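Open the model in your viewer and keep the selection box handy. We will go from stop to stop, and at each one you will hear what to select and what to look for.

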Amino acid sequence: MCPRWTHLTFPIFKFKICSKLDITGLLAERRRSVLDTIAIFNQKGGVGKTTSVVNFAACLEKEFGKKVLVVDCDSQCNASSYLTTFTDTEEGAVRTDLGVEEYLKGNIPLSDVLNRVLIQFRRKIVESNIYVVRGTKKMDFIDDFDTDIFKRLVSEAEELGFDYVLFDCPANLTTPTLATLSAVRFVLIPVSYDIYSLSGYDMLIDNVQAIRRTTNINLQVLGIFFNNIRTDWNLDKYMYESNRDNLNGLAFKTYIRPSRTVPTAALFGIPYPYYRPRNPVANDYIELVNEIIKRIKKVKKGAK
Amino acid sequence: MTDFSKARNAGKLKEIQEKSAEQANGLVAINIPLDQIDENPDNANIFNMEGIDILAEGIKEDGFNGAISVFKKPDGRYEISSGHRRYRAMLLNGEDTIPCIVSPYPEDETERGLKLVSSNIRNRNMLPMDWARVINYYMEIMKKKGEYEGRLRDRAAEYFQMAQTNIHRYTSLLKLIPELQELANDPEYAFSAFTSAATLSEVEQKELYNRIIRENNMLDNKNGNAKVLSRARIEQLINDLKHKDDVFLGQQNKADGNYNVASLSSGSESSVANTVNHMEQIEEGSSGSEKVSGVVDFDGSMNTPVDTSDDTIDESEYEPSDEEYGETESGAVEHEVKEPVKASSSPSPSSSTSGAPILDNRLTKFANDIESLSRSDFEVADSAQVKILLERITAAVKNIELSI
């Protein structure tokens with residue numbers, strides 16, 4: 001069991017390394033890589049899907065210099081309201097009220113539903129390289145829809161120069177979730193210290209198998225990451241270690257530690273890496289995103 | 001500290017973990033109609049597709065187990081990455097579908113090529129020419145891709161888990177004429193013997209092929225068990241063509257098909273003279289000691305000091321092939337002359353090691369051979385020389401018999 005002080009010092013050291021990545025990320029932007037699509041999904045609610053999507057997007061944009069699109073498939077619209085806090089209130093901001101529902105139903109281009117995310121950073125409101133497609137409240141069950149509609153969205157996003165498309169999924173299989181799973185390459189699963197978050201993952205495996213048999217052969221479980229745990233607590237440690245050892249390499253080594261400042265950041269409408277850049281939790285996010293990027297590379301290389 | 005692993009629901013956790021390990025990214029096989037599947041166009045050029053009817057029969061009897069692996073192409077059709085033979089067999093059996101493991105289509109062409117290579121080299125019975133083509137294909141891909149460190153041959157050696165020299169051996173087979181490639185593919189020949197022939201010109205390679213076939217036929221006549229030439233002999237033939245036949249081939253080219261009869265006849269004379277010399281020395285050697293292998297050659301064109309016992313064979317190799325000279329009289333003479341020379345050479349190395357009895361056995365045998373030849377097969381125009389030779393040989397044999 002590691003003493004508490006290592007949590008404070010070690011990630012700060014790592015943060016310095018990560019800040020160097022900023023430059024390489026910007027350089028990489030010039031010779032743009034192929035678009036990666038990730039759905040963040042667990043059939044158990046309250047494991048931190050939305051928070052993770054927002055913070056991953058911010059990390060990818062801030063630390064790795066990527067252009068990120070967030071698609072909010074959750075009818076609670078938490079991710080879109082989080083990210084459009086300043087966009088909606090600021091005058092002259094690029095915004096639209098059209099969202100996923102309109103995109104699923106009709107033949108409108110992706111550029112019509114994009115909202116550019118504004119972020120408050122060092123007391124200034126700046127334009128970021130994150131874009132969001134709003135979720136809408138009535139989109140959960142649409143009768144006739146094209147299962148390939150999000151494939152169109154992905155190809156349009158590629159044309160617009162995005163590096164990553166992150167889909168925030170609700171905790172059940174709704175119309176947008178199915179459309180998402182048939183379009184994305186990877187599924188990323190947040191779990192927590194309770195066993196029910198893992199039974200959500202259990203159900204998800206079956207659904208992923210079914211999707212792969214029918215609409216999307218490319219779909220792959222990228223991995224599981226632990227949210228809101230601290231390994232100096234026994235239960236958290238047990239869950240973390242047993243899954244790390246027994247999930248066939250699917251569990252990420254990095255986990256996100258709990259912090260009251262994470263919901264505070266949501267209250268202020270600022271993604272966490274911008275809200276508390278020097279906080280260890282921000283480093284957790286950066287570290288995790290780094291691990292995710294590496295694993296995507298590895299998986300793609302393995303597929304070749 | 002509580003032992004969580006003893007909790008009632010810990011078993012559930014374990015179940016989930018096991019399921020995840022087995023199924024989360026497990027391969028899914030789907031039945032795909034055969035008419036939606038395309039073959040990789042490069043496959044037929046690289047790998048041999050023989051014996052599919054046998055495979056088809058096997059599938060008919062035992063059923064189809066496992067699955068082939070395919071890519072899903074952007075146009076919705078599928079392309080085989082591994083399992084071309086099984087696919088053909090299923091077509092032959094008239095099946096409608098085949099179980100496939102579908103994987104995403106590699107974005108660029110080189111990756112598809114590499115996949116074809118990697119999935120096929122492991123589970124096929126590869127002949128030398130298959131290796132040659134697949135290694136060449138791999139090296140072309142890597143050249144096109146341009147992302148490798150060091151020499152390409154090193155990379156290929158690493159990839160195919162072979163020695164670098166082997167990589168070179170295989171790839172140089174591609175420079176041979178088709179006839180020689182066929183020989184190299186024959187498991188009875190050592191394929192690596194042919195690699196040094198890659199630097200020969202096409203004419204020279206044809207000549208080499210003719211010589212190998214001719215010598216093979218002779219081997220068949222002589223003793224039934226040895227069917228093909230040894231590696232050493234083939235390499236020697238190649239070496240001769242490389243170093244000594246330049247003059248000969250040059251002359252032939254200048255003569256433009258109308259070969260110089262005078263030079264040819266003189267050549268055959270000199271070779272006969274040499275053989276006579278040779279025989280005399282065998283006689284001496286047999287009566288005295290066993291220094292038969294120390295035969296000296298008198299031909300001026302021999303500059304390189306090779307094993308002298310072999311040089312007598314080289315003499316015969318100076319004669320042109322059957323194809324070029326047809327059934328002319330001089331050709332017939334050469335046939336006769338050559339045979340005793342060849343036969344005389346073969347005992348000489350063995351005699352130096354194993355002694356007289358074997359030598360004289362062989363001598364009697366080839367004396368018989370020559371007799372039969374002179375009696376029946378050929379009409380010999382200039383048979384005087386052959387007769388002299390024959391007399392000398394028989395005399396030599398008698399001598400040996402007497403001495404024993």
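This tour of a predicted model visits the contact between the chains, then a sheet in each chain, and ends with salt bridges and cysteines.

**Stop 1: where the chains meet**

Colour chains A and B differently and zoom in on the interface. Here 26 residues of chain B are in contact with 30 residues of chain A. Together the two chains bury about 2600 Å², with 60% of that area on carbon and sulfur atoms. Now select Phe4(B), Ile16(B) and Gln17(B): they supply 22% of the area that chain B buries against chain A, more than any other three residues.

Next, select Lys19(B). Which side chains does Lys19(B) meet in salt bridges? One is Asp202(A), at 3.0 Å from N to O, and another is Asp206(A), at 2.9 Å. Lys19(B) sits in helix H1 (residues 10-23) of chain B and Asp206(A) in helix H8 (residues 195-214) of chain A, so this pair joins two chains. Show Asp202(A), Asp206(A) and Lys19(B) as sticks to see them linked in a network of salt bridges. Is Lys19(B) buried or exposed? Lys19(B) is buried, because its relative accessible area of 17% is under the 20% cut-off. Asp206(A), at 39%, counts as partly exposed.

**Stop 2: the sheet of chain B**

Hide chain A for a moment. Chain B has 19 helices and five strands. The five strands form an open sheet with mixed pairing, in the order E1-E5-E3-E4-E2. Strands E1 (29-33) and E2 (37-38) of chain B stand at the edges with a single partner strand each, so one side of each has no neighbour in the sheet. Now select residues 68-72 and 78-82 of chain B, which are strands E3 and E4; they run antiparallel and are joined by four bridges. One pair to pick out is Lys72(B) and its bridge partner Tyr78(B). Add residues 109-121, helix H5 of chain B, which packs on the sheet and touches E3 and E4, its direction making about 45° with that of E4(B).

**Stop 3: an enclosed strand in chain A**

Bring chain A back and select residues 186-191, strand E6. Six of its six residues are buried, so the strand is largely enclosed by the rest of the structure. Phe186(A), Leu188(A) and Pro190(A) point one way, while Val187(A), Ile189(A) and Val191(A) point the other. E6(A) pairs in the parallel sense with strand E1 (residues 36-40) of chain A over three bridges, and Val187(A) is the partner of Ala39(A). E6(A) also pairs in parallel with strand E7 (residues 220-226) of chain A, this time over six bridges. There, Leu188(A) stands opposite Gly223(A).

**Stop 4: charges within a chain**

Over all chains, the structure holds 17 salt bridges. Select Arg133(B) and Asp130(B), whose side chains meet at 3.1 Å, N to O. Both lie in helix H6 (residues 128-145) of chain B, three residues apart, about one turn of the helix. Arg133(B) is partly exposed at 26%, whereas Asp130(B) is buried at 1%. In chain A, try Asp232(A) and Arg230(A), a salt bridge at 3.0 Å, N to O, in which both residues are buried.

**Stop 5: the cysteines**

How many disulfides does the structure hold? Zero, over all chains. Select Cys169(A): the nearest cysteine sulfur, that of Cys73(A), is 5.2 Å away. Cys169(A) is buried, at 0% relative accessibility. Finish at Cys100(B), which is buried with a relative accessible area of 0%.

Terms used
Residues numbered from 1 in each chain as written. Chains lettered and ligands numbered in written order. Predicted model: local features only at pLDDT ≥ 70, side-chain atom pairs only at ≥ 80, totals over all residues. Heavy atoms only, no water. Pairing = 2+ DSSP bridges. Contact = heavy atoms within 4.5 Å. Axes fitted to C-alpha atoms, helices over the stretch in contact; angles between N-to-C directions. Disulfide = S-S within 2.5 Å. Buried < 20%, exposed > 50% of the residue type's maximum accessible area, 1.4 Å probe, protein only. Buried area = accessible area lost by both parts, 1.4 Å probe. Salt bridge = Lys/Arg side-chain N within 4 Å of Asp/Glu carboxyl O.
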